[in-house]
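Here are some comments on the model, set out as numbered points. Please read them with the coordinates open.

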Amino acid sequence: MNQIPISGLFLGGLTSYAAAGLFGLSAHRYRRATRIVFCAFTCLGALLEGIASLAALLNASATLISIPSGIPFLQYTFRLDPVSSYFNLAFAVVSLAVSVYSLGYLDGFDVRKPLGIFCFFYSLLLVSLTAVFTANNAFLFLIAWEVMAVSAYFLVCFDHERDENKSAGNLFFVMSHVGTGALMAGFLLLGTWAGSLDFSAFHLAGAALTPIRQGSLFLLFFFGFGVKAGMIPVHIWLPAAHPAAPGNVSALMSAILIKTGIYGIIRISFDFLGLPPLWCGLLVLAAGTASAILGVLYALIEPDLKRMLAYSTIENAGIILMALGGSMVFRSYGRPALAAVALVACLFHIFNHAVFKSLLFLSAGAVVHATGSRNLERMGGLIRPMPLTALCFLVGAIAISGLPPLNGFVSEWLTYQALLGGFGSTLSLTRIVFPVAGSLLALTGALAAACFVRAFGIGFLALPRSPQAGHAHEAHPAMLAGMGMLALLCIGLGLGATVCLPILDPLTNQLLGVGMSGNLVVHGGLALSPGSPTGGTVAPAGIAGALILLALVPWALCAIWWRRGRKIPGPAWDCGLPGLTEYNEFTATAFSKPLRMIFAALYQPRREIQTEFEVSAYYPTSVRFESEVAPAFETHFYSPLVERIMARASRFRTIQAGGIHAYLAYIFITLVVLLVFGVRS
Amino acid sequence: MILLWLLLIPFAAGPLAFFLRRRPLMEAVNLAAFAVVACLAAALGIRVLQSGPVSLWDGFLYADALSALIVLLTAFVALVCSIYAVGYFRHDEQYTFFNENKEVVAEIAVFKLRKYYSLAPLFVFSMLLVALANNLGILWVAIEASTLVSVFLVTFYGRKTSLEAAWKYAIIGGVGLSMALFGTILTYYAAHRIEGTETLAGLNWSVLVQNAARLDKTTMRLAFILILLGYGTKAGIAPMHTWKPDAYSEAPVPVAAMLAAGVLNCALYGLIRFYILTAKCLGPQFGSQLLIVFGLLSMGVAVPFILVQKSFRRLLAYSSIDHAGIMVLALGFGGPLGALGLFLHMTFHSITKPLLFFCAGNIQQQMKTDLFRKAKGGLIHSMPWSGAGILLGTLAVTGSPPFSLFQSEFTILRAAFGRGYLPAILSVSFLVAIFSGFLVHISNLVLGPDPGLPSGESCKWKKSSVIGLATVIVVLGFWIPAPLFSLIRSAADIVVIGR
Amino acid sequence: MYFIYDPQFGNTMITLMAALVLVLQIATVGQRGLITTIRMFALQSFFLASIACTIAFFNQAGHLYIAALLTLVLKAMVLPYLLERTVDRVGIRKEIEPLINVPLSLLISGCLTLVGYVVAESFYHPEETSARSALGHNTLAVAISLFLIGFFIMLNRRKALTQVLGLLSMENGLFLAAISLTYGMPLVVELGVFFDVIVAVMVLGILAYRIGETFDSMDVGKLRSLRG
Amino acid sequence: MTETLAKSGFQLLLLLLVAPLVSGVIRTLKARLQTRRGPDILQPYRDLVKLLRKGMVIPDTASWIFPAAPYVVFVTAALVGLMTPMTATDAPLSLFGGVLAVVYLLALGRFFLALSGLDTGSSFGGLGSSREMTISAIAEPAMMLAIFAVALGANSTNLSEMARSAVSQSWRFLAPSQMLAFAALFIVVIAETGRIPVDNPATHLELTMIHEAMILEYSGPYLALIEWGASIKQLVLMTLLVNTFFPFGLSSGWSVSELGAGLFFYLLKLLLLSCCIVLVETTNAKMRLFRVPELLAVAFILGALALISTFLF
């Protein structure tokens with residue numbers, strides 16, 4: 001592998017991302033040509049990045065790339081160590097698919113929209129994401145981090161004519177900046193203590209610190225990165241911002257941008273801090289569990305398809321954090337092998353989520369483009385006009401629900417195994433945490449399945465619920481190609497998990513000092529096991545094969561007994577009304593109604609029914625039904641907080657009430673105080 | 001000689017413009033003068049870099065790297081402001097902004113233009129004198145002169161509110177400068193027991209700094225307090241900042257930009273010169289503690305006003321208070337990093353703020369208001385350049401990378417964390433809060449649905465100054481010219497080493 | 001006339017006049033009539049000029065005579081004249097009630113004098129018992145008090161012109177400090193300062209006049225339209 | 001390879017044959033307990049054959065999901081059956097996945113069934129899907145806790161491994177953790193198989209039905225597949241209960257004599273468990289839908305207690 005010029009490929013990738021943006025700016029005049037050149041360059045960049053990262057990952061050693069910059073104290077230093085390369089690989093894969101998709105997606109852009117600006121910020125996002133994953137010093141990292149936020153902000157605000165998008169962008173940027181503030185403080189503290197801002201100087205720098213310093217650093221970083229990771233309770237920007245962005249961008253944001261937060265947490269807790277205190281791992285586990293369960297609960301009741309996917313992103317970030325927290329706890333207990341299982345679960349789920357969430361967002365983008373609405377209640381029946389998009393969405397839905405034999409199942413299975421192992425290998429009360437987390441993960445998984453049954457069932461099946469949905473058309477071939485790549489990857493990563501997982505070996509080696517693939521892949525590469533073959537195995541490919549073979553049985557049964565040709569199409573049962581219309585259909589709101597009632601304490605649903613009638617209440621002339629669910633964190637924490645701050649600020653403004661005498665008095669008092677207290681030492 | 005020309009050209013340009021009377025001529029005189037001054041400033045910078053401090057008339061005028069940097073920034077700001085002013089005042093004249101009664105009175109217009117075009121060079125002259133005067137007394141005189149000139153410029157529109165603003169500016173500035181003068185007198189007193197300081201040179205900074213260790217300590221404490229409050233008033237450090245929002249929002253935009261990017265630097269320059277003396281005399285502890293407290297106070301005071309703000313011109317003023325606080329904080333944190341951060345910040349701020357003011361001015365002229373409420377939103381549709389410019393400027397001024405203010409703020413924060421955790425954490429949180437308020441206000445102003453206004457960017461002068469500045473800001477984000485950086489570094493060395 | 005050359009006499013005279021200057025300043029705090037206030041300022045400036053002359057005489061500091069002359073002409077004559085003319089033209093003679101009532105104001109002035117002495121105390125170096133440092137010590141206290149009380153007048157009074165007068169008396173404090181501590185600043189600086197003071201007063205006078213014209217009142221406390 | 005195939009074939013045959021039988025036994029026993037005559041034990045076989053022979057009506061609103069779902073339901077149930085030890089401790093396909101795979105494969109079947117309910121566009125289908133997904137979701141945590149409790153005892157999630165460990169510690173089923181876990185899992189099985197008091201498989205009352213509402217539009221062979229699949233699923237869940245908690249008579253090998261004995265004990269245990277189910281079904285009335293969470297909360301608590309008692313006792 002040494003003959004592959006990793007640094008050249010890496011820089012080539014970055015350059016072609018950047019070139020894409022600069023070419024994109026010319027979209028003003030040459031819309032069509034720009035689109036093609038732009039997508040070609042981003043694809044090229046993604047390919048180069050992907051190859052470079054894969055090579056670096058297989059190399060299992062760090063590649064350092066350094067370019068001088070025109071700014072004092074700054075060197076553009078990138079390091080492709082296994083962790084960075086892994087994240088960059090996931091990113092490259094997603095960005096390749098999204099770039100292919102964009103070729104078609106941008107074709108359907110409103111001509112009045114400044115395509116050039118879009119291309120520019122899109123490629124800026126690509127460049128900055130790459131830089132975030134590979135930056136090797138804190139200064140560069142923070143610059144890349146903020147550039148990422150800036151470009152994401154403009155992409156979220158791209159459709160700023162709608163007020164909600166604008167405020168979504170603002171919310172995103174403000175939250176992100178609050179996080180960045182914490183990160184900046186964290187990095188500078190760490191830099192002060194470590195004596196340098198280089199990531200290589202940070203390596204295990206935390207090990208020498210007192211537990212209090214370690215803990216406070218961890219909290220700063222955890223908060224800062226948690227905001228980006230979409231962790232509850234600092235997630236509120238995510239369900240606002242991801243739907244507001246154009247389809248391809250929201251795919252990128254949900255699949256990759258939130259992973260930068262996870263990347264940061266991994267970097268911090270395994271690389272920089274040495275061995276953080278036990279409570280850090282438990283905190284991550286708890287935050288992950290809360291995010292997973294609350295995320296999916298909010299996803300369940302969301303009528304907006306893209307918002308629903310955004311909430312599901314929170315859920316998956318939670319699952320990733322659960323595995324990560326488990327790994328940290330095991331590490332604290334000195335169980336590297338178990339920690340490695342949890343870490344592998346976490347890392348694999350990161351990749352998987354990147355793949356299926358981008359797939360789902362891309363399909364959602366195609367659907368929104370075709371129907372002009374994000375509301376599930378306005379879709380329906382899309383499987384007929386857009387069969388391939390529907391198929392892609394279905395694959396994504398199965399994968400994200402963690403159903404075998406696709407990739408989501410494998411990573412969730414590993415997570416369960418790690419949590420199960422945690423019970424036996426930790427002490428006292430800590431051990432009860434794991435089964436509880438496991439059972440909540442089970443609830444999350446089941447609710448996620450319900451959620452995606454609802455999304456696919458209401459959105460794609462049965463009758464169209466609006467004229468636009470009825471007149472929908474299949475997506476552009478390029479869009480289908482992009483989605484198809486990801487769908488195949490979902491299947492491939494699931495069935496070929498035993499082949500893929502050994503790639504994670506360098507990562508566990510780097511972070512924990514143990515390689516896992518020997519224990520993880522058993523029975524000649526057929527099955528996976530959590531460290532010991534007796535502890536349970538799973539063979540996704542075997543399951544898939546068995547499912548296909550077993551399908552012969554019902555086929556044979558039908559072939560034996562059933563006389564062919566007796567399939568009569570007929571109307572579905574319409575309760576005796578004249579014909580089934582979209583009004584008879586079960587709605588998305590109704591679908592989640594039982595859960596809304598069961599979890600009423602969380603949702604605090606409010607509903608209002610107004611019936612107008614003339615003769616008697618049994619013969620209403622019109623019924624107006626309104627139902628609303630209050631997002632708990634927004635209504636109970638953030639809104640009062642912002643109101644409080646604003647009220648305080650307003651009150652504070654009375655110091656500048658216009659009277660010059662007051663102004664003079666401020667100076668006077670300051671002067672007198674300083675004279676009295678300052679002169680005498 | 002270069003020093004003399006630097007002062008003479010703007011000094012002569014004022015009266016010349018006054019007598020020329022005709023608008024194109026006045027514009028030409030201003031532009032030419034400031035262009036020459038900018039070239040001279042650049043030349044001075046190079047000369048100082050190559051061959052050390054330059055002085056004239058027995059060290060009456062003296063330029064080391066610190067002065068050269070201030071001169072360069074002032075000249076740059078003056079040049080861009082004069083370019084912008086052409087378009088700005090032409091627009092004012094065209095739409096009869098000069099007279100509230102909407103009576104088109106040509107004489108009033110000419111009178112007002114004469115006022116601006118003759119006072120602006122004098123304003124610049126006084127600012128250049130601040131940087132070039134070696135004598136601390138002359139420095140004071142020059143700052144006072146700049147105040148007086150700018151008071152007239154603040155009353156430019158003659159509205160009730162501009163009178164009010166001018167009064168507050170003049171009175172508070174006057175009080176502040178009295179304190180500064182007191183401090184200067186005390187410094188002279190602290191030094192005058194030392195041999196060879198009884199003459200005029202006794203107030204020369206270059207002389208004082210060599211004898212700084214022998215200055216009377218108690219006197220220097222008192223002097224520094226008074227200087228801090230005095231020049232702090234001029235720089236707009238809380239709680240002496242109260243004139244700033246009024247003056248910045250009432251002055252014509254080019255003047256406001258010069259106040260924010262020129263006078264601020266000059267006032268800080270005075271403070272820095274005294275700080276060097278104090279630090280050498282009393283050790284860094286005393287001065288920096290005070291500076292940190294006042295810096296944090298300024299940043300903190302700016303927060304609520306930026307969060308809840310009705311007018312975008314005042315928003316910029318509070319941002320200027322915030323930045324004055326940051327720079328004072330940087331001076332207080334001290335050390336090589338702090339000083340370097342200070343001058344980087346000063347440089348970048350002086351380039352970024354005018355852009356914001358120009359865009360705000362364009363918007364104000366187009367919308368005939370500076371209130372967010374009345375300007376509504378969606379300005380990007382009718383004014384794509386100014387809208388994009390103010391958005392870019394907002395990101396830059398709030399310290400978002402890749403723009404260069406992030407680099408300086410990062411450097412300053414590095415110094416901060418090296419020194420103590422509480423001020424550092426506080427300043428980070430203030431920065432975040434200010435960013436939030438600023439961004440939400442400006443994005444609501446710029447983005448949004450198209451209100452269907454006619455395009456408002458026909459003037460080449462206004463547009464070119466906005467685009468030019470924006471380009472400079474973007475370029476500086478990625479590349480700082482080596483000579484500029486070494487000038488900044490030598491200026492920082494002066495603060496650290498004292499020479 | 002021998003005693004005239006006795007430095008002791010000079011010191012006493014200076015201290016006396018400084019005390020008078022201080023008393024005049026405190027009296028200004030309690031004063032309501034505009035014209036009276038201006039005249040008291042003129043008188044104060046006159047005493048200052050005398051102090052400057054005395055110091056110049058006893059210490060052979062020739063350039064202080066120039067400063068004394070300038071003070072006499074400008075601060076004791078020209079400025080009061082200009083200000084009185086402004087008062088006449090605006091036609092408002094009475095100060096309205098100050099923000100803090102007179103007895104309390106006087107009390108605060110007393111406290112400020114105390115602050116002045118406390119600050120000046122720290123400058124007192126017992127080991128240097130030369131006449132000059134003692135003089136410096138006493139007059140510095142007065143100067144600081146003048147400065148602070150002038151400041152207090154500015155924030156206590158509502159009229160634009162009284163604020164200008166407060167500012168001017170602050171400058172008087174500075175002048176006192178300058179002449180008594182250091183026998184004045186270098187001449188160039190001194191001239192510059194004077195020039196600035198004159199221009200400042202003219203600027204403020206013009207502003208005050210325009211405020212009076214525009215708002216039909218000289219009450220700067222009413223200028224409150226710029227806020228927030 | 002061939003050995004595994006043979007074992008799988010045998011167990012598959014067993015699954016296909018025993019599953020309707022269990023349904024029939026339960027139905028008959030229930031009728032007897034209610035002093036009715038009830039149908040013959042073999043009635044389910046007849047039903048299935050009859051359905052397989054009949055023609056079917058496909059709703060014209062339905063897409064390809066509708067015909068696919070019965071296959072998925074049937075196949076997943078069958079695969080799950082092959083992962084579960086029935087007569088012998090080592091299940092033929094136990095390598096392919098343990099108890100977690102079982103749970104998730106069943107979820108896959110349910111996923112498609114719920115989609116098919118929505119696919120027809122009729123309101124009943126949606127209603128059924130919604131309720132089915134809800135109940136399965138809230139049953140999940142309890143089930144996972146109970147499984148955890150058992151898996152911790154066996155130190156494995158592999159079902160064969162769990163059975164083997166249960167065999168080796170013959171009296172372990174009396175341990176409090178095991179009893180509690182059994183109780184929790186019993187409740188979950190009742191919920192999962194759609195029995196009283198959670199669902200009533202015998203009615204088509206539109207307000208209460210869950211499972212039946214989803215499959216309302218199915219007819220003919222597709223309905224047969226679904227019914228058959230459902231009964232296999234029920235059998236597998238019952239097998240899971242009896243074989244992990246009461247592993248008596250599980251044969252350790254696959255020789256004919258061992259298998260015979262294993263089969264005998266297996267059927268005996270199934271009969272006993274069926275009796276339990278019948279008892280529960282007869283003595284309880286169907287719950288309101290929104291009371292079901294309370295029942296499942298009880299299961300959850302039992303599971304949690306089971307876990308806690310694993311390290312208490």
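How many residues does the contact take from chain B, and how many from chain A?

1. The model is a predicted one, and the values below should be read with that in mind. In the contact between these two chains, 49 residues come from chain B and 46 residues come from chain A.

2. On the side of chain B that touches chain A, at least two residues each are supplied by α6 (160-191), α8 (217-235), α11 (284-307), α17 (404-419) and α18 (421-446) of chain B. The largest share of that side, 10 residues, is contributed by α18(B). Sorted by class, the side of chain B that touches chain A holds 34 nonpolar, 11 polar and four charged residues.

3. Within chain D, the axes of helix α2 (residues 43-53) and helix α9 (residues 220-245) come within 7 Å and cross at roughly 150°. Because angles over 145 degrees count as roughly antiparallel, α2(D) is roughly antiparallel to α9(D). From α2(D), the contact is made by D:Pro44, D:Leu48, D:Leu51 and D:Leu52, while α9(D) brings D:Gly220, D:Pro221, D:Leu223, D:Ala224, D:Glu227, D:Trp228 and D:Ser231. The residues of this contact between α2(D) and α9(D) comprise eight nonpolar, two polar and one charged.

4. Chain C has seven helices and zero strands, so that its elements, taken from the N terminus on, run α-α-α-α-α-α-α. Of the 228 residues in chain C, 51% are buried. Among contacts in chain C between residues at least 6 apart in sequence, 75% join residues at least 24 apart.

How values were computed
Residues are numbered from 1 along each chain as its sequence is written. Chains are lettered from A and ligands numbered from 1 in the order in which they are written. This is a predicted model: local features need pLDDT of at least 70, side-chain atom pairs count only at pLDDT 80 or more; totals for chains, interfaces and linings use all residues. Axes are lines fitted to C-alpha atoms, for helices over the stretch in contact, and angles run from 0 to 180 degrees between N-to-C directions. Helices (H or I, at least four residues) and strands (E, at least two) are DSSP runs, numbered from the N terminus. Angles under 35 degrees count as roughly parallel, over 145 as roughly antiparallel, 65 to 115 as roughly perpendicular and the rest as oblique. Two residues are in contact if their C-beta atoms, placed from the backbone, lie within 7 Å. Ala, Val, Leu, Ile, Met, Phe, Trp, Tyr, Cys and Pro count as nonpolar, Asp, Glu, Lys and Arg as charged, and the others, Gly among them, as polar. A residue is buried if 20 or more other C-beta atoms lie within 10 Å of its own, exposed if 12 or fewer, and partly exposed in between; C-beta atoms are placed from the backbone.
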